[in-house]
Amino acid sequence: MRRIILDTDIGTDVDDALALALAIQSKKDIELRAVTTVHGNVNLRAKIAKKMLKIAGLENVPVAPGIAQPLMRDRPILGWAGHEGSGILTPEDDGLEISKFHAVDLIISEVMSMKGEITLVAIGPLTNLAASIIREPDIVKNVKEIIIMGGVTRLFNGLNLPYREHNILCDPEAAKIVFSSGAPITMVPLDVTLKVYIDRKDLGEISAVKSPLANLIVSMVEEYLRIVKRDYTWLHDPLALSVSIDPSLVKTVDMKILVETKGEYTTGQTIALPARPEDNPVKVCVDVDVAGFKDFFMTRICSKNT
Ligand code: RIB
Ligand code: CA
């Protein structure tokens, strides 16, 4: 049983909502201790997460809004698309109860009160995690693991990878603090997450479930596909969450990860180097069992017995 805090920019790309749904549907493996939100309108993001939890009968899981702006406060909020919350939140949801704790306080309190027990799964920009480390450096040695969806480690490998990834690009300084902290980190980069996606056929299977959570997921994904004008969307964030439950879904290599913060063209790039013995290496996912993960994801999302 893994005790997890999910730190998320839920509401923009629909994959955060799918990761939360996967956590909700994995009660046998995961104790979801809290959801924390980051980047942009963190209160709106928190309401979306709370609504999903409430629909699934998990209203007791605290949802704490975190830091809206990148750490240095001199970078823009990237990727706020404008559709966040539409079709999901209604006027009745104004009363959804968001935690009175700040995300950073909640993360610190959980990690320090359950030493060695808490896994932080970060599926948005790393601002909340960096601020937590600045405020309480001891969380680095007391966290069980930090699993990060972010970065790109290989270029020109046939996947036509972009050279920078959104979560790192949004707040490179925060990413630098987290990756250089010495905490035990598993990195789930675009190199592998771009291999996994769901399409309209999968959505058909999820709609057949007809539970309130399944219905909500289907409408969220359909709305997102309409906005991005595609018939599929990637499962970046669900893959990161899945790694916390079944690490055998991915192959990892130990590497040292540097984050570029000052380049004329390269700010936000993650540089992967061979790990030397004195480095505290990051476990970097370099491959994924695509069919195994897809089966893992769909079986859980479509299950009535979680
Ligand atoms: O690059 C993929 C990441 O950016 C995912 O976390 C997705 O949700 C978006 O925020
Ligand atoms: Ca995300």
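Two residues are in contact here when they have heavy atoms within 4.5 Å of each other. The model to which this is applied is a predicted one, and a convenient place to enter it is Thr270, a residue of strand 10, which spans residues 270–274. Leaving aside its neighbours within four places in sequence, Thr270 is in contact with Gly151, Val152, Ile168, Met187, Ile257, Leu258 and Val259. With a relative accessible area of 6%, Thr270 is buried, since the limit for that term is under 20%. One of its contact partners also meets its side chain through a polar atom: the backbone oxygen of Val152 lies 2.6 Å from a polar atom of the Thr270 side chain.

Three of the names just listed, Ile257, Leu258 and Val259, return in the lining of the second largest pocket, which has a volume of about 200 Å³. Other residues of that lining include Lys176, Phe179, Lys256, Asp279 and Asn280. Strand 9 (250–259) and helix 7 (172–179) each supply at least two of the lining residues, and strand 9 gives the most, with four. By class, this lining divides into five nonpolar, four polar and three charged residues.

The largest pocket, for its part, has a volume of about 250 Å³. It is lined by 19 residues, and the closest to its centre are Asp9, Asp13, Glu165, His166 and Asn167. Helix 1 (15–24), helix 6 (166–170) and helix 11 (236–245) each contribute at least two residues to the lining, in which eight residues are charged, six polar and five nonpolar.

Asp9, named among the residues closest to the centre of the largest pocket, is also a donor to the calcium ion (ligand 2), which is coordinated by side-chain oxygens (OD) of Asp9, Asp16 and Asp237, with Asp16 entered twice, and by the O atom of Ile123, at 2.2 to 2.5 Å. Along the chain these donors follow the spacing D-x6-D-x106-I-x113-D. Because Asp9 lies in the loop between strand 1 (2–8) and helix 1, whereas Ile123 lies in the loop between strand 4 (118–122) and helix 4 (127–135), the pair ties together parts that are 114 residues apart in sequence. Both Asp9 and Ile123 are buried.

Apart from the pockets, a search of the whole structure finds one cavity of 30 Å³ or more, and the volume of this largest cavity is about 110 Å³. Its lining includes the run Ile10, Gly11, Thr12, Asp13 and Val14, together with residues such as His83, Ser86 and Ile88. Asp13 thus lines the cavity and is also among the residues closest to the centre of the largest pocket. Helix 10 (residues 212–228) gives the most to the cavity lining, with three residues, and the lining as a whole divides into six nonpolar, four polar and two charged residues.

Two loop residues deserve a look for their backbone angles. Lys229, in the loop between helix 10 and strand 8 (232–234), has a phi near 55°, a positive value in a residue other than glycine. Arg73, in the loop between strand 3 (63–65) and helix 3 (103–113), likewise has a positive phi, near 60°. Lys229 counts as exposed at 73% relative accessibility, and Arg73 counts as exposed at 61%, because the term applies to values over 50%.

Definitions and conventions. Residues numbered from 1 in each chain as written. Chains lettered and ligands numbered in written order. Predicted model: local features only at pLDDT ≥ 70, side-chain atom pairs only at ≥ 80, totals over all residues. Heavy atoms only, no water. 1 Å grid on protein atoms, 1.4 Å probe; cavity = no way out; pocket = protein on both sides within 12 Å on 5 of 7 lines; lining within 4 Å. Points joined across faces, edges and corners; volume = space filled by probe spheres on them. Nonpolar A, V, L, I, M, F, W, Y, C, P; charged D, E, K, R; others polar. Donors = N, O, S within 2.8 Å, 3.2 Å for Na, K, Ca; no water. Buried < 20%, exposed > 50% of the residue type's maximum accessible area, 1.4 Å probe, protein only. Polar contact = N/O pair within 3.5 Å; in protein donor to acceptor, adjacent residues only side chain to side chain.
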